[in-house]
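Colleague: Please pick one part of this model and give me a close look at it, then work outwards from there. Here is the entry so that we both have it open.

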Amino acid sequence: MLIDAQNIHKSFATQDGPLPVLRGVDLQLDKGETLALTGESGSGKSTLLYLIAGLDSVDDGTISVAGRQVHGLDDQGRAELRRETVGIVFQQFNLIPSLTVGDNLTFHARLAGRENEAWTAELAERLGLTDFLRRYPEQLSGGQQQRVAIGRALAGRPKVVLADEPTGNLDEETGEQVAQLLLDLVRDTGAGLLVVTHSLRLANRLNKRVHLANGKLA
Ligand SMILES: Nc1ncnc2c1ncn2[C@@H]1O[C@H](COP(=O)(O)OP(=O)(O)O)[C@@H](O)[C@H]1O
Ligand SMILES: [Mg+2]
């Protein structure tokens, strides 16, 4: 089991008191499996993804990723898990503006001591980034920036790729190309994929689909 989340509860403190967002969520992802997570805006999709990624901590419940318990780790442990096991693609690309495209690609893999030059070169080639490696993110289109973000997520050959509406900021045609690249690379590396998406076209191409509503998955 790559991801095993059980009975996840998460609330946020607001001025009007606690806002319960996740109220007993169970989610499993097997090795090599691809899973689409859908749900209305504000239903808690990003919250769930961030908990699995170890970017935030649960109020209750257990999460293990690639056999390691995320919920019991301290900040450093969670940072380590993210570097070594998980690749994350955000809707807003989240590239580092002061680094070149090439350095953005390898940044996380290098931090984790998992950089592999041949693999980076293959990624750049397959993502159509070879001619842009010395540019800066702001000099790229949205679709190009998201291709860099996908390359960055995969550069360290993570066991799990988590993607939060990776095509949400792209026009339909560009989004379609980017989604295809993501799926191809995930398949070829054997990683598991959890992707938050509104695109039925993308969701239909994955192994499984779950829907988040009223704090629970169905
Ligand atoms: N850090 C936070 N503090 C307070 N409320 C939050 C925080 N993060 C998310 N929320 C709220 O939790 C709910 C779920 O948010 P989110 O997970 O981003 O939804 P989705 O990704 O499905 O659109 C929303 O009502 C949002 O306003
Ligand atoms: Mg979201």
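Modeller: Let's start at Lys 31, which sits in the loop joining β2 (17–29) to β3 (34–39). Helices and strands here are DSSP runs, numbered from the N terminus: H or I over at least four residues for a helix, E over at least two for a strand. Lys 31 has a relative accessibility of 73%, so it counts as exposed. The cut-offs are under 20% relative accessible area for buried, over 50% for exposed and partly exposed in between, with a 1.4 Å probe and protein chains only.

Before going on, bear in mind that this is a predicted model: local features need pLDDT of at least 70, side-chain atom pairs count only at pLDDT 80 or more, and totals for chains, interfaces and linings use all residues. As for bookkeeping, residues are numbered from 1 along each chain as its sequence is written, chains are lettered from A and ligands numbered from 1 in the order in which they are written, and side-chain values use heavy atoms, with hydrogens and water left out.

Back to the loop. Lys 31 has Gly 190 at 7.7 Å, C-alpha to C-alpha, although 159 residues separate the two in sequence. That takes us to the neighbourhood of Leu 193. Setting aside neighbours within four places in sequence, Leu 193 is in contact (heavy atoms within 4.5 Å) with Leu 29, Glu 33, Thr 34 and Leu 35, and also with Val 161, Leu 182, Leu 183, Val 186 and Leu 206.

Leu 193 also matters for the interior. In the largest nonpolar core, which has 35 residues, Leu 193 and Ile 150 touch the most other members. A core here is a set of buried Ala, Val, Leu, Ile, Met, Phe, Trp, Tyr and Cys residues joined through side-chain atoms within 4.5 Å. At least two residues of this core come from each of α3 (101–111), α4 (117–126), α5 (142–155), β7 (160–164), α6 (172–189), β8 (192–196) and α7 (200–203). A second core of 31 residues lies apart from it, and its members include Leu 2, Ile 8, Leu 22 and Val 86. Nonpolar side chains tend to be buried together in soluble globular proteins.

Now follow the core into the helices. The buried residues of α3 are Val 101, Gly 102, Asn 104, Leu 105, Thr 106 and Ala 109, and their cover includes α4 and α5. Just past the end of α3, Gly 113 has a positive phi of about 70°.

Over in α5 you'll find Arg 152. Charged or not, Arg 152 is at 5% relative accessibility and therefore counts as buried. Beyond its neighbours within four places, its contacts are Phe 93, Asn 94 and Leu 95, plus Asn 104, Leu 105 and His 108. Its C-alpha is also 9.0 Å from that of Thr 120, 32 residues away along the chain.

Carry on to the loop between α5 and β7 and you meet Arg 157. Arg 157 is partly exposed at 42% relative accessibility, and its phi is positive, about 50°, although it isn't a glycine. Ala 66 is another non-glycine with a positive phi of about 50°; look for it in the loop between β4 (60–65) and β5 (68–69). Ala 66 has a relative accessible area of 27%, which makes it partly exposed.

For some longer distances, try Glu 80 in α2 (75–85). The C-alpha atoms of Glu 80 and Leu 194 are 20 Å apart, with their positions 114 residues apart in sequence. Ala 213, in β9 (208–213), has its C-alpha 32 Å from that of Val 148, 65 residues away along the chain.

Finally, zoom out. The chain has 7 helices and 10 strands. Its radius of gyration is 17 Å, close to the 17 Å that the globule rule gives for 218 residues, so it is as compact as a globular protein of that length; the radius is taken over C-alpha atoms, and the rule is 2.2 Å times the number of residues to the power 0.38. The C-alpha trace spans about 50 × 35 × 35 Å along its principal axes. Of the 218 residues, 50% count as buried. Among contacts with a separation of 6 or more, 69% join residues 24 or more positions apart.
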